[in-house]
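Here are some exercises to work through with the model open beside you. Try each task before you read the solution.

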Amino acid sequence: MFTINPTHREQSFGTLAPNSTIVFFNGKSALMTADGSRLPTSAELAGVLDAGTTMMFAGTMDGAECWGARMPQEFVLPQGFELIESRLAFVHPNPDIGYAISRCREFISWRNGHRLCGACGAKTSFATNDLAIVCPACGMMYYPQIAPAVITMITRNNGKEILLAHNKRFTTPSFSLIAGFVESGESLEQAVAREILEETGVTVKNIRYLSSQPWPFPNSLMLGFMAEYDSGEAYPQDGELSEMGWYSKENLPMIPSRGSIARKIIDEYFGLA
Ligand SMILES: [Zn+2]
């Protein structure tokens, strides 16, 4: 079980208990055993990771402390370990692994973004009584920032068809659900309706929440929704999406790979494996 401990601290790798769990990142990947079953312990990395490496405390996993760090460029992978895409950890049989990876990744990005106070420029430190970074000079507090994003499956034709779109930023020719960030002052339902109208030109009705997934690249929380088509013709509107169309279970295009909430929603809706 992963337990959040409400104290932040940084410590050098050499001072960690040997049974500590280490979340070690390289881009969007994390170091795991080659069979993908678990994260490494500090004892297993003792010979390959510099004792002075700064580690960030994230919580406790099955009774052992969990620490995260970014992998230095010159790091040589130890035998028996591999870099595994973080998103695959979100479908790992042990949900704590995905949780630990998300948390460590977001913490490190948050800490690195607030080494200096944005208000007065002084060096910051961790608050002692709160999950926050504090400026000792002016008292400004910085909390971990989570950026909510909505992702929606739009259905039509009595639910037989769903709207899927290709985004120009995708590195594969896959088609996904319509997604976008929630704006300040907006409800989630308003964000769903606005994003869909902006990107596809259609209006929707009967918006309802499905499920969520942390997306720590670097700090999003994806909130999955369903909505029914109401009016308009679906056509790429704003230059972000290059192609879109209505698809049934029988004629699905390439869809996002496992580990993404888009794939989970599509799989569950059509009863795919
Ligand atoms: Zn300050």
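**Exercise 1. Find the loop that holds proline 218, then describe the peptide bond that joins phenylalanine 217 to proline 218.**

Step 1: Proline 218 sits in the loop between S14 and S15. Helices (H or I, at least four residues) and strands (E, at least two) are DSSP runs, numbered from the N terminus.

Step 2: The bond between phenylalanine 217 and proline 218 is cis, with omega about 10 degrees.

A word on the ground rules: residues are numbered from 1 along each chain as its sequence is written. You're looking at a predicted model, where local features need pLDDT of at least 70, side-chain atom pairs count only at pLDDT 80 or more, and totals for chains, interfaces and linings use all residues.

**Exercise 2. Which residues have the most contacts inside the largest nonpolar core, and which elements give two or more residues to this core?**

Step 1: Get the terms straight. A nonpolar core is a set of buried Ala, Val, Leu, Ile, Met, Phe, Trp, Tyr and Cys residues joined through C-beta atoms within 7 Å. A residue is buried if 20 or more other C-beta atoms lie within 10 Å of its own, exposed if 12 or fewer, and partly exposed in between, with C-beta atoms placed from the backbone.

Step 2: The largest nonpolar core has 33 residues, and those with the most contacts inside it are Ile154, Leu163, Leu177, Val192 and Val204.

Step 3: The elements giving two or more residues to this core are strands S11 (147–156), S12 (161–167), S13 (178–181), S14 (203–215), S15 (220–231) and S16 (241–248), plus helices H4 (188–200) and H5 (261–270). S15 gives the most, with 6 residues.

Step 4: Zoom in on isoleucine 154. Leaving aside neighbours within four places in sequence, isoleucine 154 is in contact (C-beta atoms, placed from the backbone, within 7 Å) with Ile162, Leu163, Ile178, Ile196, Val204, Ala227 and Tyr229.

Step 5: There's also a second, separate core of 28 residues, which includes Ile22, Leu31, Met32 and Met56.

**Exercise 3. Which residues of H5 are buried, and what do they pack against?**

Step 1: The buried residues of H5 are Ile261, Ala262, Ile265 and Ile266.

Step 2: Look down the axis of H5: these buried residues fall within an arc of 135 degrees (taken from the directions from the helix axis to the C-beta atoms), so they line one face of the helix. As background, an α-helix has 3.6 residues a turn, so residues three or four places apart point the same way.

Step 3: The buried residues of H5 pack against S11, S14 and S15.

Step 4: Just after H5, glycine 271 takes a positive phi of about 65 degrees.

**Exercise 4. Where are aspartate 62 and asparagine 157?**

Step 1: Aspartate 62 is in the loop between strand S5 (54–61) and strand S6 (64–70). S5 and S6 form a hairpin with 2 residues between them, and aspartate 62 in the turn has a positive phi of about 50 degrees.

Step 2: With 13 other C-beta atoms within 10 Å, aspartate 62 is partly exposed.

Step 3: Asparagine 157 lies in the loop between S11 and S12. Its phi is near 55 degrees, a positive value in a residue other than glycine.

Step 4: Asparagine 157 is exposed, with 10 other C-beta atoms within 10 Å.

**Exercise 5. How do S5 and strand S3 (residues 21–26) pair with S6?**

Step 1: Two strands pair if DSSP finds at least two bridges between them.

Step 2: S5 runs antiparallel to S6, and 5 bridges join them. Methionine 56 stands opposite glycine 68 in S6.

Step 3: S3 pairs with S6 in the parallel sense over 5 bridges. Here phenylalanine 24 stands opposite alanine 69 in S6.

**Exercise 6. Into which domains is the chain divided, and how many residues of each are in contact with the other?**

Step 1: The chain is divided into domain 1 (2–113) and domain 2 (147–270); the bounds come from an automatic or database domain assignment.

Step 2: Taken over C-alpha atoms, the centres of domain 1 and domain 2 are separated by 31 Å.

Step 3: 10 residues of domain 1 are in contact with 9 residues of domain 2. On the side of domain 1 that touches domain 2, the largest share, 5 residues, comes from H3.

Notes: Contact = placed C-beta atoms within 7 Å.
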